[in-house]
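Pull up the structure and keep the sequence handy. We'll take a walk through a few spots, one at a time.

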Amino acid sequence: MTNAAPGELEAILGYSFQNRELLSRALTHKSRIVDVEAGTIRDNERLEFLGDAVLGFLVSEYLLLLYPEEPEGTLSKLKSKLVSEAHLFAVALAIRAGDFLILGRGEEMNGGRGKKALLADAVEALLGAIYLDGGVAPCRAFVERWVVPGLGGAGAVATPDSDYKSHLQELAQQLKLPVPRYSVVGERGPDHAKTFVVEARIGREWSAKAEGPTKKSAGQGAARAVIEKLGERAPS
């Protein structure tokens, strides 16, 4: 069981809750309810319901502003990617959501902190809690910082404070896969403004490429793209 304090999660998110009970509820999985006295705590399912709606609205808003000429069909495809379980799983790993979950004993023993569906749901619950606590503005900041940087798929640019390489290594260990390997497979542009292409690969089956202004940022983007692919294989 993790000892991570909720305040540490607030530091990662860049948001401090006025109502700390909302944060606690957002992190409480329904499995915890059976281990405590009836009525003493509430799980995060209602916040997840709200967060799903908030996420859909803010992602739609972002895409409309970013692509003013694109047809609805294209925007729908982009939105589907950004709100997908696999993508939210990658977001959850980036913010270390699993370290802060409040689980029941059975779920703890069954590896709940690493389950794809559980972690994706926690991201939505956190967004719902932020909305109730602070309104739309901090939710929009959350989406722009953690969700939409993955818009480009294999070309995703990692946010500066996201260590997707470490998350990918941990996930590979959980799934008993080879150690991730990285290689620069391309570069273009003048010396003062180069763009690098890095490939992240795990064995022969899993790989993705990403671009970035530095080899480090491209590597982080490639790692994030592989995490999303592995999200389909992670336990639900």
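In which helix is the place of lysine 81? Look at helix 4, which covers residues 72-82. Keep in mind as you go that this is a predicted model. Lysine 81 comes out at 23% relative accessibility, so it counts as partly exposed, since the buried label is kept for values under 20%. Now jump along the chain to valine 148, which is 67 residues away from lysine 81 in sequence. In space, the C-alpha atoms of the two are separated by 9.9 Å.

Next, head back to helix 2, residues 20-26, where you'll find arginine 25. Is arginine 25 buried or exposed? Its relative accessible area is 12%, and because that is under the 20% cut-off, arginine 25 is buried. What does arginine 25 touch, leaving aside residues up to four places away in sequence? The list is Arg42, Asp43, Asn44 and Leu47.

For another arginine, go to the loop between helix 5 and helix 6, where arginine 96 sits. Most residues other than glycine have a negative phi. Arginine 96 is not a glycine, yet its phi is positive, at about 60 degrees. With a relative accessible area of 28%, arginine 96 is partly exposed.

Now for some helix packing. Helix 9 (residues 164-174) and helix 10 (residues 215-230) pack at an angle of about 35 degrees, and their axes are 8 Å apart. Their crossing is left-handed. On the helix 9 side, the contact is made by Tyr164, Lys165, His167, Leu168 and Leu171. Facing them from helix 10 are Gly219, Gln220, Ala223, Arg224, Val226, Ile227 and Leu230. Sorted by class, the residues of this contact are seven nonpolar, three polar and two charged.

Stay with helix 9, as it turns up again at the last stop. Rolling a probe the size of a water molecule over the atoms shows where empty space is left. The largest pocket has a volume of about 240 Å³. How many residues line the largest pocket? There are 14, and those nearest its centre are Leu93, Asp99, Arg113, Glu170 and Gln174. Helix 5 (85-94) and helix 9 are the elements that each give two or more residues to this lining. Helix 9 supplies the largest share, with four residues. As for the chemistry of the lining, six residues are nonpolar, four are polar and four are charged.

Methods
Residues numbered from 1 in each chain as written. Predicted model: local features only at pLDDT ≥ 70, side-chain atom pairs only at ≥ 80, totals over all residues. Heavy atoms only, no water. Buried < 20%, exposed > 50% of the residue type's maximum accessible area, 1.4 Å probe, protein only. Contact = heavy atoms within 4.5 Å. Axes fitted to C-alpha atoms, helices over the stretch in contact; angles between N-to-C directions. Left-handed = near helix turned anticlockwise from the far one by under 90°. Nonpolar A, V, L, I, M, F, W, Y, C, P; charged D, E, K, R; others polar. 1 Å grid on protein atoms, 1.4 Å probe; cavity = no way out; pocket = protein on both sides within 12 Å on 5 of 7 lines; lining within 4 Å. Points joined across faces, edges and corners; volume = space filled by probe spheres on them.
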